[in-house]
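Me: I am new to this structure and would like to know how its descriptions are reached. Please take me through the reasoning.

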Amino acid sequence: MPMLLGFAIGTLLTAGVTTALVLRHMARVRAADARVRRAKRLAELGSMTRGLAHEIKNPLSTIGLNVQLLTEAIEDLSVDDEDRKPLVRRLGSLGREAERLRGILTDFLEYAGELHLELHAADLNSTIDELVDFFMPQAQQQGVQIRSDLASGTLEAWIDPPHIKQAVMNLMLNAVQGMSRQPEGVARELILRTSRGVDEHKRPVVVLHVIDTGPGIAPDAVERIFDPYFTTKSGGSGLGLPTTRRIIDAHFGKIEVHTEEGRGTDFVITLPVEDGGVTHQGASGGG
Ligand SMILES: Nc1ncnc2c1ncn2[C@@H]1O[C@H](COP(=O)(O)OP(=O)(O)OP(=O)(O)O)[C@@H](O)[C@H]1O
Ligand SMILES: [Mg+2]
């Protein structure tokens, strides 16, 4: 009898454990399904919004052109200046608004467009060197000194150099714009520093700091700087940093910021040395 009881309990336990395992597996499958559905829906929404932006952008060009033609026609009309001027002024503001909307759509399409990265082993140091060479005159014009403090030798990373240049250029532009608002006499220095390191899984990485001696970022703003359209500049689109983050994400890297008001800002980019896509499945440059 005790043996039978033991057998029954054993069977019940086994059945219980099996059921729990099956249920857990099913929950995982359902969660994975939901993730795939969400990703698909986001991709659909992305391509719909891109299509919509294109559709609005094209007629805006035509509107702009027609406004210009109308203005010219009105200027040629033999009417009093008194009557002509308000019309021309109104058409002028119509044209400017059409142009502004076109600008917004252009920025959006650039940000939301597909990213086609060609990741391969390349030297981050020479990528930064080329960028500094290119950017130097613009920085000097704003009274900013650029200093490169690069790791010795070549610094191989798994990158697409033109896109890395675009990502870092956005940081350099922000740094120079921030520093050019500083009063005269305050040091304006932009430092690009590279080094070797390892990530939290002990995989080799390269690290790039973009450091400025600008005004720093207020604590309530710093949480929002990577949000699309967040800007504190009158002519800013607020898409510079989101674009940079998107490019770094597509490299399987990460970007962090350390900042102190009145002292400056340090953006830190970490990039894998080896093919990040092998270990991080499912991510691609698309968007
Ligand atoms: N180095 C920096 N120093 C001070 N503030 C910064 C710095 N980098 C970014 N910011 C802040 O983050 C905001 C968002 O930056 P982002 O590059 O996304 O947009 P933007 O520079 O305002 O516009 P755009 O890049 O289109 O010219 C900026 O408006 C600014 O307030
Ligand atoms: Mg910017």
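Me: How do you know that helix 4 and helix 6 are roughly antiparallel to each other?

Reply: In this predicted model, helix 4 (residues 161-180) and helix 6 (residues 240-250) pack at an angle of about 150°, and their axes are 9 Å apart. Angles over 145 degrees count as roughly antiparallel, so helix 4 and helix 6 are roughly antiparallel to each other. Their crossing is left-handed.

Me: Which residues make the contact between helix 4 and helix 6?

Reply: From helix 4 come H163, I164, Q166, A167, N170, L171 and N174, which meet G240, L241, T243, T244, I247 and I248 of helix 6. By class, the residues of this contact are 6 nonpolar, 7 polar and no charged.

Me: What makes helix 3 and helix 4 oblique to each other?

Reply: Helix 3 (residues 124-141) packs against helix 4 at an angle of about 40°, with the axes 10 Å apart. Roughly parallel requires an angle under 35 degrees, and roughly perpendicular one of 65 to 115. The value of about 40° fits neither range, so helix 3 and helix 4 are oblique to each other. Helix 3 passes helix 4 in a right-handed crossing. Among the residues in contact are L131, F134 and F135 of helix 3 and V168, M172 and V176 of helix 4. The classes in this contact are 14 nonpolar, 2 polar and 2 charged residues.

Me: Why are helix 2 and helix 6 called roughly parallel?

Reply: Helix 2 and helix 6 pack at an angle of about 20°, with their axes 10 Å apart. The cut-off for roughly parallel is under 35 degrees, and helix 2 and helix 6 are therefore roughly parallel to each other. The crossing of helix 2 with helix 6 is left-handed. E110, Y111 and A112 of helix 2 meet P242, T243 and R246 of helix 6. These residues divide into 3 nonpolar, 1 polar and 2 charged.

Me: Which elements give two or more residues to the lining of the largest pocket?

Reply: The largest pocket has a volume of about 830 Å³. Of the 37 residues that line the largest pocket, N174, Q177, T231, K233 and L241 are the closest to its centre. The elements that give two or more residues to this lining are helix 2 (81-112), helix 4, strand 5 (204-212), helix 6 and strand 7 (264-272). Helix 4 gives the most, with 9 residues. By class, the lining has 16 nonpolar, 16 polar and 5 charged residues.

Note on methods: Residues are numbered from 1 along each chain as its sequence is written. Chains are lettered from A and ligands numbered from 1 in the order in which they are written. This is a predicted model: local features need pLDDT of at least 70, side-chain atom pairs count only at pLDDT 80 or more; totals for chains, interfaces and linings use all residues. Side-chain values use heavy atoms; hydrogens and water are left out. Axes are lines fitted to C-alpha atoms, for helices over the stretch in contact, and angles run from 0 to 180 degrees between N-to-C directions. Helices (H or I, at least four residues) and strands (E, at least two) are DSSP runs, numbered from the N terminus. A crossing is left-handed if the near helix is turned anticlockwise from the far one by less than a right angle, and right-handed if clockwise. Contact means heavy atoms within 4.5 Å. Ala, Val, Leu, Ile, Met, Phe, Trp, Tyr, Cys and Pro count as nonpolar, Asp, Glu, Lys and Arg as charged, and the others, Gly among them, as polar. On a 1 Å grid over the protein atoms alone, a cavity is a set of points where a 1.4 Å probe fits but cannot get out, and a pocket is an open set with protein on both sides within 12 Å along at least five of seven lines; lining residues have an atom within 4 Å of a point. Grid points are joined across faces, edges and corners, and a volume is the space filled by probe spheres set on the points.
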